[in-house]
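Subject: Structure handover

Hello,

Here is the structure I promised to pass on. My notes on it follow below.

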Amino acid sequence: MHHNSMTQQNRLQTGGRINRSRPLSFKYNGTSYPGFEGDTLASALLANGVDVVGRSFKYSRPRGIIAAGADEPNAVLQLGATEATQVPNVRATQQELFDGLVSTSTNGWPSTDNDMMSYIGKVGGRMMPPGFYYKTFMYPQSLWDTYEKFIRKAAGLGRSPVENDPDIYDQLNQHTDVMVVGAGPAGLSAALSAGRTGARVILADEQAEFGGMLLHSDEKINGKPAAEWVASVTKELRAMDNVMLLPRSTVNGYHDHNFLTIHERRTDHLADLAPKGQVRQRMHRVRAGWVVLATGAIERPLVYGNNDVPGCMLASAVSTYIKRYAVVPGNELVVMTTSDRGYKSAFDWQDAGRKVVAIVDTRAEPSGACVVEAQKRGLKVIKGSAVIEVKGSKRVSGAVIASIDASGNKVTGNVRRLSCDTVASAGGWSPAVHLSCHAGSRPDWRDDIQAFVPGKTVQKQLTAGAVNGSYSLVVCLEEGARRGVLAAANAGFGDQSDELVEVALVDEVKEGPTMTLFHIPHTKSTSRAPKQFVDYQTDVTAAGIEVATREGYESIEHVKRYTAMGFGTDQGKLGNINGMAIAAKSMNKTIPETGTTIFRPNYTPITFGAIAGRNCGELFDPKRYSAMHRWHLENGAKFEDVGQWKRPWYFPQPGESMQDSLNRECKAVRDSAGILDASTLGKIDIQGKDAREFLGRVYSNAWAKLGVGKCRYGLMCGEDGMVFDDGVTACLADNHFVMTTTTGGAARVLEWLELYHQTEWPEMEVYFNTVTDHWSTLTISGPNSRKLLAELTDDIDLSKDSFKFMDWKAGTVAGVPARVFRISFTGELSFEVNVQANYGMYVWEKVFEVGAKYNLTPYGTETMHVLRAEKGFIIAGQDTDGSVTPIDLGMSWCVANKKPFSYIGKRGMAREDCVKENRKQLVGLKTKNPQLVIPEGSQAVADPKQPIPMTMLGHVTSSYYSACLNHSIAMGFVRGGLSRMGETVYYPQPDGSVIEAEVCSPIFLDPEGARQNV
Amino acid sequence: MQKYSGFGLFKHALSHHENWQRAWRNPTPKKKYDVIIVGGGGHGLATAYYLAKEHNITNIAVLEKGYLGGGNTARNTTIVRSNYLWDEAAHLYEHAMKLWEGLSQDLNYNVMFSQRGVLNLGHTLQDMRDIERRVNANRLNGIDGEVLDTQQVSEIVPIMDCSSDTRYPVMGASWQPRAGVARHDAVAWGFARAADQLGVDLIQQCEVVDILTEDGAAIGVETKQHGTIKADRIGCVVAGNSSVLAKMAGFSLPLESHPLQALVSEPIKPILDTVVMSNHVHGYVSQSDKGDLVIGAGIDAYTGYGQRGSYSTVEHTIQAIVELFPIFSRVRMNRQWGGIVDTCPDACPIISDTPVENLFFNCGWGTGGFKATPGSGNVFAATLAKGEAHELAKPFSMFRFYDGTLIDEHGAAGVAH
Amino acid sequence: MSELLMAEQEIQTPLHAQMNQLPGEGPRAESPLYHADLTSIANHGPVDGSVHLQELALLGHLVLRGSPQNESFVTGFAQVMGFALPGPMQSAETGDASVRWIAPDEWLLIVPGSEAFSLEKRLREVISGHYSIANVSGGQTVLVLAGRDAVNVLKKSTGYDLHDSNFPVGKVVTTTFAKASAVIRRIGPQKWELVVRRSFSDYLWLWLQDASAEYGLIVRG
Amino acid sequence: MFSIYCPYCEEHREEEEFHAKGQAHIPRPLDPDNCSDKEWGEYVYFRDNPRGLHHELWVHGTGCRKFFNITRDTQSYEIKETYKIGTQPRITAIHNQ
C-alpha cells in the first residue's frame, strides 16, 4: 500500500485502541494521509495535524474539530470516491476510517471565490445579525429573485450525488421484551441483568465498539481496567441467544407504544460502496416491551470569545482522542473548567508528553482530589478565572484569561495572555434526553445538576446512567443493573429481587462542587466582544441571541427559529442549553422559564434509501396481473395503471398510431367480434337469506324482484347521495349473488358492505367474500360473439330466446366449467365468460383458436371506453367525481325511491342543494365540427367572449373520436344540461381557439338497444 | 415604526445591533376589546392586521395560548399555490396569491416569498384528465397554469426520474409558475409586527378556557392567565384546536383533527429549483433557501392532537421521494415533525358565522392553510368587521354541510400541501 | 362427453349455486406462479442457500363462513372433515386437508384440488342455518418458505412477531406481507406456509427473491 | 406507531394492519326520510373530535376484517381499551376525570 511521506505528527507511539498493524490511507481535499484501523476520520485528521475542516456558512470562519462523537458541529464532510457513492454531510467524528476513503470539506460557501468569501465573512459579517434577511432584500420587489439566488448559493453543506444509488438497503421488523439504548456502563449492565432473566433483549449502540466512555477510561471495575469489564460483559451477552447485539446502530426514533427505529450501518466502515450482494444499511423496526434509555450525556462547551477558532475543543473530546485513538490534538494546552472534569484532560495531555500551559478553573476555591493531583503533577491551576477570548484565526495561538466574579457574570480584572495552541473547555454535562422527547414528553429541568433530564412519559420507558444525571461510574453501573432487572420483570421475566442485581465495585473519586456557568463574560459587552459562538454550524452567537430577545423574540422557540439555533445537522447538541441559558439571562428569567427544549426524530440523520428499504423501483408498489397477463405481453399490449392493476390499454399493431389501433379495435367489435380481459373488475360473492335485502339497501335501484338466473346493473352511493361505484350483480340462487365492482373500487366496496353489515345491520344473515382473483373474466363482444361462443360450448343454449340479454347461465366453455353472463358494456351482443382463474389462460387461447375466422380482436381499456361512450354508459371515477348524484348523471331510471327501506344515498340526494333544478348534469356533446375531439377536462361556457373570470357550466368527462360513427363524441357536465338539449356550449382552449358543441343525449349509438338484443 | 432596510441594517451594524426596537410589544390585556381574535398563528395575526389596516378597527386583542406562529404556521412545508379546481376555492386562494405578491413590501418584513413554480404530477390517465380539467378551470378563472407533458416536466426538473419504466411513470403535470414557497415563521412575525404597529395587542401565553355568552351571543372569553376579557365580536382562528373552542361555545363542527407530518433532509447545495408534488405516489418536495429538502405527504388516518404521526407515513413518503428522485437515496433525513390539521369533509375551509351570535370561526383548512394565510386573514377581517361573510367567504359557511352545497376539492387536495 | 357433461352440470339448490369448477382431463391449468416456471428453476437454479421456496399449486381453497354458535355449522364441519374447527389464530389438519382460523366467523380450508367440489357438496348437505362456502381455489396459491434464514426473510416482510414464544408451530396469522397480505402458518420449526392472492403473486415472488438474495434462495419443484 | 389489541384476534397487532374509520357510536338514523337537512348533516359530517379521550371505530383490514372500537387519548395516543361492536366502553371521559 502506498503512503505519502506525511507523518502522523500527533500520533502517540503507544496506547489507544487503534490497530497499528493495519495502516490505512485516505484522502482529504485531494491530499492523501495515513491512518490506522480503529481511527475515525476525525482522529486520523487530527493525527495528521489537519486543523481546518471547513468554513462556517454565514461568516465563513475557519473551523476545526471540537468533539469526538454525534455532537460534532464542524467536521461535516463530503464522502465518496465516485459520483454514485457521494454522501453529503458525514460527521468525521462518527465515520470509521477505511482504506481509500475520499473526503472533502463542505464549506458553506459553494464557490472558491475568495473575494466574495472575505466580503461576506469579514465585512458582511457585522451586517448579518439574526434574521437580517427578514429586514432587507425587499426593495425593489423585482430584485428579490436575484437576492434569493445569492442567498441560496450560500446555503447547504454537502451536495447530493447526481447518479443513482448503487447500494441496497432493507428493513427488519424486530420484537423484543427489553430494548436497551446505549452500550456504555449503564446500558451494558442493564442488558446483562435483563438478558440473564431470559427475556429477549436488544442492545444497540451507535459506535463500532460497545463500552462508551469506558473504552478510554482509567477507572477500574472490580479491580480490573474498565475495558476488561466491557470485554467480559460483551462476551457473556454474545453467548446469550435471547440477546441481539447491534453495534454501529443508532436508535434514531422512539415512537408511540414503544416502537423504535434503529439505523444500522453495516458496510460504511468498509468502503463507500457496499461489497457485492451486501446490504449497506438496515433499518430495524422494533416493537419493545420495555425500553431502557442509557444514552449518556453530552459535554457542554463554554461560550467565550472566538471559541470557534480551530484548537478550541471539548475537554472530554481531548481525552477521548488521546486515550482511545492515541492522538494528541495539539502541543500546548489550556484547560478551562467549571468542575473537576477538566482536570482529567490536562492529566491525559501531560501523560501523553505534551505541555499543559494551565488549568483555568472558574471556581474560586476548587476542592476535590483532582486539585491535589494537579499540584502533585506540578500543573499550574489558575483559580477564579476564565478564558475570555482566544487569539488566532486558523489555529489557536493564545488564550486571554482574566479573573471573574463568583457568579461568573463579569470580568474582575487581571487580564493576561497565555500562549497555547489548544483550549479545552469543560462546562458540565447535558443528558442526551432526545429519545425521551420523541413521543411527546417534555424534559424536566433539575437545578441541582443544572440540566434537563427525561420527563414524565406514557411510554414503557426506564432510564439509567448519565441520561438521568447520574454521572459517577458506580451509580451508572448500579442504575443500569437495577433498570435492566426491572424492565425484564415488567416484561414478565424474573422477579425484581436484588439477587438479580449484580453491582460492580468501583473506587469512588471525591469530586468538588460544580460551578454553574455557561457564558464566559468578557471585558467588553457581549454585543461588542469578539464573537462568542453558541451554535457553531448555524453561526449563532451569544450576541445574536441577545439581539433576538431584544427584538421581542422571547419564547425559546422564537429564539431558536429567529437565530436558527439548533437547526443544523447536529440539532444543537452542543449549543441548545447554552443558548437557553444566555436567552434566559438576557431576559432575567430562569432556563425553565424560557421553555423546555424538545427534540424530534432523528437523533442523527438517516439515509433516505435506508428508510425506503426495498420498497423502491419495481417493488415500490405491487403490480397486479390477471391470469392472461402473459398473453397480453406477448401480443404487444400497452398497459394502463388502474389502481395497482396493469390492464391492457390497447394492442397496437406494427406501424399503427394509437388512434389507428383504437379505430381498428372498435370496428372489429362493432362489425364482428372483440375480446376484453375483464378479470380485474371486483367480484364479491354474497350468500345468506338477507343478501337480496342487503343489495336493496346499498344500491340505489330495486333488487326485490331480480330472479335467479338474472343480472342487474346497480349504482352505489354514499350517505351524501353521491355516486361512488357501480357494477352488475347476478342472482345465482335465491340466497346467493355475485356482485361486480369497478377495478379500482373493489376493496373499498367490500369494506363498505362489511362496515354496514357489522356496525348497522348485524342482524342480517349475509356473508361477503372476495372472489376477484378467483375468476377470470373474458368479455366476448360483437355481432359474431354468439357464433364464436357456440363453437366452444355444447351445453349452453345461446339462442336469443333461451339466453336473453341480462341472463346468466352455467355450462362449459372450451371444456372448462364456466358462468356466462349475457351483459354488455359495448352495446353489442356480448357474453362475459367466467372461469376459474387457473384455466383463464387456457380458455382465452381456445377462444382465439376458433376466433380467427371472426377476426376476433383483443381490445383494451381505451377501446372499451370509446365503445361504452358511444352508448352513453358512464365510468365511475371518470364521469363521476364524488359530487354527482344518479339524477345528475341522468340515471333517474336507476333510482327506486319507493323501496321500503331508505337505501344509502336516498336521504343525501334529497338535500336542498341536491334537488335544485340547475345542477350540473351529465349530457352528450356533439361538436359542430364532427372531426374535432374536445379535449377531456375542457370547461364549458355560454359565452366564450365574456371577460375572465368566466362563468363555467361544467367540464368534459369523456371524449373520443368514434370511428364507427365517423365523428367525435363526448360526455360532460353542463349546468341544467338535461333541459338544454340542442343548445350550444363553448369550450375555450389554451391555444385561444374555441370548440363549439351541441348538448345532446349521451347515447350516440343504437338508442333502442337493438344491437345488444339480437 | 422602525423601518427595515439594507441601510437600516448598516446603521445598526455600526452600533453593534444594540438599538433594535422590539418587533412587537408585550402588553397586558385590557378588560374589553372591540374584537378578540383567538389564535396567534399566521391566519389570526393576518386577520388582526387587515382589521386594523383596512377596517380601522384597532382595539383588537390576539390571544395566543403559546407563542406567536407556534402552531401549523411553524410546522408546514411553506408551499403557496392557487390552482384549485372549484371556482369558490380558486377565487379564495387566488385572492391570497395576489396578497402574497407584495406582502414583504406591505409588511416591511421579508417573508421570502419565492415564486419558483409548483408542479402537480400526473401518473395515470385519470390524473391527467383531472389536471386538464383543473388547469382549464384555472385559466378561465384568471389563474396562471398550463399542462405539461413528460418531456416538458423533465426539462423543468431534470433530476427527476421521468423515464417510462418506473412503477408509475410521470405522464405530465400541471404547472403554476406564480406558485412557490415562503418563509413560514417570517409570515407570522411580519404580520405580528405590522399589526402591533397599528395598535393591536398581541397577548402570548394567554389560553382561552371558555367562551362567554349571554342569551345566545358571545360577549367575551375566559382566559387561564388573565381572567375575563370582553369583546363585541370574537373570531376563532385556532387550527388544531377548532373543535375544542367550538365545544366551549356549545356546538360542534364538521371537523376531524389529524396529524400531518413533514420532514427535512440535511442541507445540501441547491439542486431543486421548483416545488414538485405528486398525489399519486404521495409525496411532495421543495428545497428551502437553507438547502434542506422539505418533504411531506398525506395526513395520518386517525385523529390526533399530539403533533406527531406514525412512522409508516414517513416511510411511505420517503419511498415516494426516492422513487421520483433516485439520486436522493444517499441524502439523509435530518428531522421530522408533525402538525395538527383540522380537515373538513370536502377538503375546503370554514369561514363562517356560527350558531352563537358575534362568534365567528375560521378553520378547517386541512392541509392547505399556509398558502391562504393573507387571503384568509383578509376575508375573515372583513367578515368580522361587517358581521357578515365577505363575498369570497360566503361559500365557506359551516352551514353548507346541512344543505349540501359542498365544494369537493379532494381531487385537488387529495394529498397534503 | 355425456358423463363429462353430467359431472359439470350446475347443481342448483334453491338457496346456493354450487358448481364443479374443474374440467376433466385436457384443459391446462396455470397456477398463479406458472409463468415463473419454478420447476425448471428448481432443476437448474442455485443449490446453495439457507432459504427454500416451493409453490403448492392448484390446491382446493374453500372459505367457510359461519358462526360458532351455529351448531350445525360446527358439528357439520367436524363430521365431514373428521376434526374440529380451530379457535382464534389456530389451525388443524389431518392428512392432506388443513383448515385455518381467519376470523371469528371465517376459516380457510385447503384440500387437494380435485376434492374441493365434493367437499363443498358434502358440507352443504350436513350444514344448515346461516353459513357460506366460497370456492376461491383460482384466486390464491400456497407458498412454503423454509430453511435457516426463512425467518429473516419473513422479518423483512411482515411486522408480526415470529418468535417461538409468540408463533409456535400450528399458529396462523393473516397479516401484512411486504405491500400485500398473506395468511401465514407455521408448519415446522423452520417452515412456514404462506397463502397469497393470485394477482399479487408475481409481486411477492419478486419480493421473496430480493429479500432472500443475501441468504441464497433454493427453489423446490 | 400504535400497537393495537384486536378484540377478535385476541392479541396485539401492528398499526399497519388497521385502518382508522373515525368517531364510533354514530348510529344511522332509523328514519332518514324524516330527518331534516340539519339532522342529516349532523349525522353525516359533524363530529366531537375531542382533544383527549376519544371513542373511535377501527377495522382490522389486513387481519380478521372486523370492525371494532378503540378508546384512545388523542393527545397522548394511549389506547385505554378496545371493545367489540355492539358493546359499550368501560372507560369514558367522565370516568377519566
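Helices here are DSSP runs of H or I with at least four residues, numbered from the N terminus. By that rule, residues 400-403 of chain B form helix α11, and B:R400 is found in it. Please keep in mind that this is a predicted model.

**B:R400**

Is B:R400 buried or exposed? B:R400 counts as buried, because its relative accessibility is 3% and the cut-off for buried is under 20%. The side chain of B:R400 has polar partners in the backbone. One of its polar atoms lies 3.1 Å from the backbone oxygen of B:C348. The backbone oxygen of B:P349 is 2.9 Å from a polar atom of that side chain. Neighbours within four places in sequence aside, B:R400 is in contact with B:C344, B:D346, B:C348, B:P349 and B:I350. The list goes on with B:P395, B:T405, B:L406 and B:I407.

**Chain B overall**

Chain B has 12 helices and 18 strands. Its radius of gyration is 21 Å, close to the 22 Å that the globule rule gives for 417 residues, so chain B is as compact as a globular protein of that length. The C-alpha trace spans about 65 × 65 × 40 Å along its principal axes. Of the 417 residues in chain B, 72% are buried. Take the contacts in chain B between residues at least 6 apart in sequence: 76% of them join residues at least 24 apart. The exposed area of chain B is about 11,400 Å², and carbon and sulfur atoms supply 52% of that.

**Helix α8 of chain B**

This helix covers residues 242-249. Which of its residues are buried? They are B:S242, B:S243, B:L245, B:A246 and B:A249. These residues sit on the same side of α8(B), because they cover an arc of only 160° around the axis. An α-helix has 3.6 residues a turn, so residues three or four places apart point the same way. What covers the buried residues of α8(B)? The cover includes strands β1 (32-38), β9 (208-214), β11 (227-236), β16 (332-343) and β18 (359-363) of chain B. After α8(B) comes B:G250, with a positive phi near 90°.

**Confidence in chain A**

The average pLDDT of chain A is 95, and 98% of its residues score at least 70. Two stretches need care. Residues 1-5 of chain A have pLDDT below 50, and the model gives this stretch 12 contacts beyond near neighbours in sequence. Residues 108-116 of chain A also stay under 50. For that second stretch the model has 15 contacts beyond four places in sequence.

**Backbone points in chain A**

Where are the cis peptide bonds? One runs from A:Y139 to A:P140, with omega near -10°. A:P140 is in the loop between α3 (132-135) and α4 (144-154) of chain A. Another joins A:P601 and A:N602, with omega about 5°. A:N602 is in the loop between α14 (576-586) and β31 (606-607) of chain A.

Positive phi values turn up too. A:S60 is a residue other than glycine, yet its phi is near 45°. A:S60 lies in the loop between β3 (54-55) and β4 (62-63) of chain A. A:S60 is buried, with a relative accessible area of 10%. A:H257 is not a glycine either, and its phi is about 60°. The loop between β13 (249-255) and β14 (259-265) of chain A holds A:H257.

**Two buried residues in chain A**

A:I66 is in the loop between β4 and β5 (76-79) of chain A. A:I66 is buried, at a relative accessible area of 2%. A:I66 and A:T93 are 27 residues apart along the chain, and their C-alpha atoms are separated by 9.4 Å. Leaving aside neighbours within four places in sequence, the contacts of A:I66 include A:E72, A:C312, A:M313, A:L314, A:Y536 and A:L574.

A:L246 is in strand β12 (residues 243-246) of chain A. A:L246 is buried as well, with a relative accessible area of 5%. A:L246 and A:E264 are 18 residues apart in sequence, and 7.4 Å apart in space from C-alpha to C-alpha. Neighbours within four places in sequence aside, A:L246 is in contact with A:E264 and also with A:I202, A:L203, A:A204, A:D205, A:F210, A:I262 and A:H284.

Best wishes

How values were computed: Residues numbered from 1 in each chain as written. Chains lettered and ligands numbered in written order. Predicted model: local features only at pLDDT ≥ 70, side-chain atom pairs only at ≥ 80, totals over all residues. Heavy atoms only, no water. pLDDT = per-residue confidence, 0-100. Contact = heavy atoms within 4.5 Å. Buried < 20%, exposed > 50% of the residue type's maximum accessible area, 1.4 Å probe, protein only. Arc of directions from axis to C-beta. Polar contact = N/O pair within 3.5 Å; in protein donor to acceptor, adjacent residues only side chain to side chain. Rg over C-alpha atoms; globule rule 2.2 N^0.38 Å. Areas by Shrake-Rupley, 256 points an atom, 1.4 Å probe, with all protein chains shown as cover.
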